[in-house]
Amino acid sequence: MAGYPQAYLEGKEVKETSSLVTELCRHFYTQGWVSGTGGSITIKVHDASIPKPHQLIVMSPSGVQKERMQPEDMYIISPNGSILSAPSPKPYPNKLPKCTDCAPLFMKAYEMRNAGAVIHSHGMESCLVTMLNPHAKEFRITHMEMIKGIQGHGYYDELVVPIIENTAYENELTDSLTKAMEAYPKATAVLVRNHGVYIWGDSWIHAKTQAECYHYLFDAAIKLHQLGLDAATPEHGPIQRAIHSQNQLSVKSGVKDSQSQTEYPWRCIVLDIEGTTTPITFVTDVLFPYARENVGKHLNLTYDTAETQEDVKLLRSQVEEDLRQGVTGGAVPVPHADEGKEKVIAAVVFNVEAMIKADRKITALKELQGHIWRTGFECNELKSVVFEDVADALEKWHTSGTKVYIYSSGSRLAQRLLFGNTSYGDLRKYLSGFFDTTIGNKKESRSYKEITETLGVDDPSDILFVTDVYQEATAAKAAGLDAIISIRPGNASLPENHGFKTVTSFSQI
């Protein structure tokens, strides 16, 4: 039994997990996800005494009526995929038991994502959504509330799900599923064209929640398509039809436009903020002082909230790392909660002020700053500033079908606040997504490679990155992206013979 005694295989945890699989399959049957013996769910046997990678796995048999399964029909699988326990045969007309044909694919999710549960659905919407564009290698959707139910995504983010081609036999999908998971490291689902979808999560609850959100989003995309609307654009406007020429991709609207559209050689444009879309002085003279002056007030008012406790935890970890690394700047240890609220807040305030003064580009600081600025925008104490050419350019690029993203050292929350509260109105409707330093340092080329993979662009040169910082442009160029340097009032001078195209206005792009 590969180290698992028979008593454990027949114990409470395994029985409860087996019962849960049958219960969920009955529910999924009512949703149309596992009809006709297709589809299934597999769950790891949760046991706090066993590390997750070593926990047993419960899988259903193949070719059975999923809504009629009983706990004793389940297969118990070891962490390496071998069968430890199989169900007994049932009389005619039942087939001889056979473990699900999805087993090799389920195991990949366990191995590569440390999943706690995996769902395979044959839901109609998961099949039809892959047919909307028979050549598409991805499903994309943005600005839909249910995106928030997908791990790592918010309302303004673009959800990207890879699509692989179907095969005659389920287990033949293993290689292509593996490649898709490698190419999309943050994906929690893979669509199979004309077939269905595989979805995984940290637990069965997480997997089920995501599955419900994915099916909702697939259905929404299908209905938007039927109306001639594009689910992958923030405004969900008329579908853009791509027309390929020898030199570049132009995009033509599905409806007539009285103005001729400009053609751009890029599929995506990624913009920096400070010194590119927004004056450096707005950040240094308005946002930073506001955060510095209000950090103590913010912490006192919100100290007991989960959000602020997480902010304090991140800052404590950052300070501990700074002290270990000998980072200068006057860092002081942040006490733990049992030493008292006042001491914790005082230490956080001291460190935040030092970090802001040193212009640290670190996630822990940026997260807290974003939460402080949110209060400022909500109270109308802050109003963001963008250069006068920015709003027109964003609208123009959006109309042309070019996707526009933001990549800044500020948190994604701070980015959304800035573009959502400008004197030109809410500009987020023109933006397809936001990246911050959680994807990597802006001066490292691997960060731009990660962005390229996240956007699902095969040729990095199809992405234009615009920044005011020479080192960032160099890193983007090393990753294969096209890069332009923004020359704005107050920006730092550039090295001689830097080799990049420069612009003083987005109208020149």
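# Exercises on two annotated sites

Setting aside neighbours within four places in sequence, K442 contacts D272, Y407, S408, S409, Y448, F465, E472 and A475. The model examined in these exercises is predicted.

**Exercise 1.** Determine where K442 lies and whether K442 is buried or exposed.

*Solution.* First, locate the residue: K442 is in the loop between strand 14 (433–435) and helix 13 (445–455). Next, apply the cut-off for burial, which is under 20% relative accessible area. K442 has 6% relative accessibility and therefore counts as buried.

**Exercise 2.** Establish which residues share a UniProt "binding site" annotation with K442, and why they can be said to gather at one spot.

*Solution.* The unreviewed UniProt entry lists S408, S409 and K442 under "binding site". These residues span 35 residues in sequence, but no two of their C-alpha atoms are more than 7.8 Å apart, so they gather at one spot. Consider S409 next: this residue lies in the loop between strand 13 and helix 12 (412–420). Its relative accessibility is 11%, so S409 counts as buried. Apart from neighbours within four places in sequence, S409 is in contact with K361, K366, T437 and K442.

**Exercise 3.** Carry out the analysis for the "binding site" annotation that covers D272, E274 and D468.

*Solution.* The annotation comes from the unreviewed UniProt entry. The three positions span 197 residues in sequence, yet no two of their C-alpha atoms are more than 7.8 Å apart, so they gather at one spot.

- D272 lies in the loop between strand 12 (268–271) and helix 7 (280–302), and at 4% relative accessibility D272 counts as buried.
- D468 lies in the loop between strand 15 (463–467) and helix 14 (470–478), and at 10% relative accessibility D468 counts as buried.
- Beyond residues up to four places away in sequence, the contacts of D272 include K442 and D468.
- The side chains of D272 and T276 are joined by a polar contact of 3.0 Å.
- Among the contacts of D468, leaving aside neighbours within four places in sequence, are D272, E274, N491 and L494.

**Exercise 4.** Describe how strand 12 pairs with strand 13 and strand 15, and which of its residues are buried on each side.

*Solution.* Strand 12 pairs with strand 13 (residues 403–407) in the parallel sense over four bridges; within strand 13, V404 is the bridge partner of I269. Strand 12 also pairs with strand 15 in the parallel sense over four bridges, where I269 stands opposite L464. For the faces, recall that side chains in a regular strand alternate between the two faces of the sheet. In strand 12, C268 and V270 are buried on one side, and I269 and L271 are buried on the other.

Key:
Residues are numbered from 1 along each chain as its sequence is written. This is a predicted model: local features need pLDDT of at least 70, side-chain atom pairs count only at pLDDT 80 or more; totals for chains, interfaces and linings use all residues. Side-chain values use heavy atoms; hydrogens and water are left out. UniProt positions are given in the numbering used here, feature names are shortened, and annotations may be inferred rather than shown by experiment. Helices (H or I, at least four residues) and strands (E, at least two) are DSSP runs, numbered from the N terminus. Buried means under 20% relative accessible area, exposed over 50%, partly exposed in between (1.4 Å probe, protein chains only). Contact means heavy atoms within 4.5 Å. A polar contact is a pair of N or O atoms within 3.5 Å; within protein, one must be able to donate a hydrogen and the other to accept it, and residues adjacent in sequence count only if both atoms are side-chain atoms. Two strands pair if DSSP finds at least two bridges between them.
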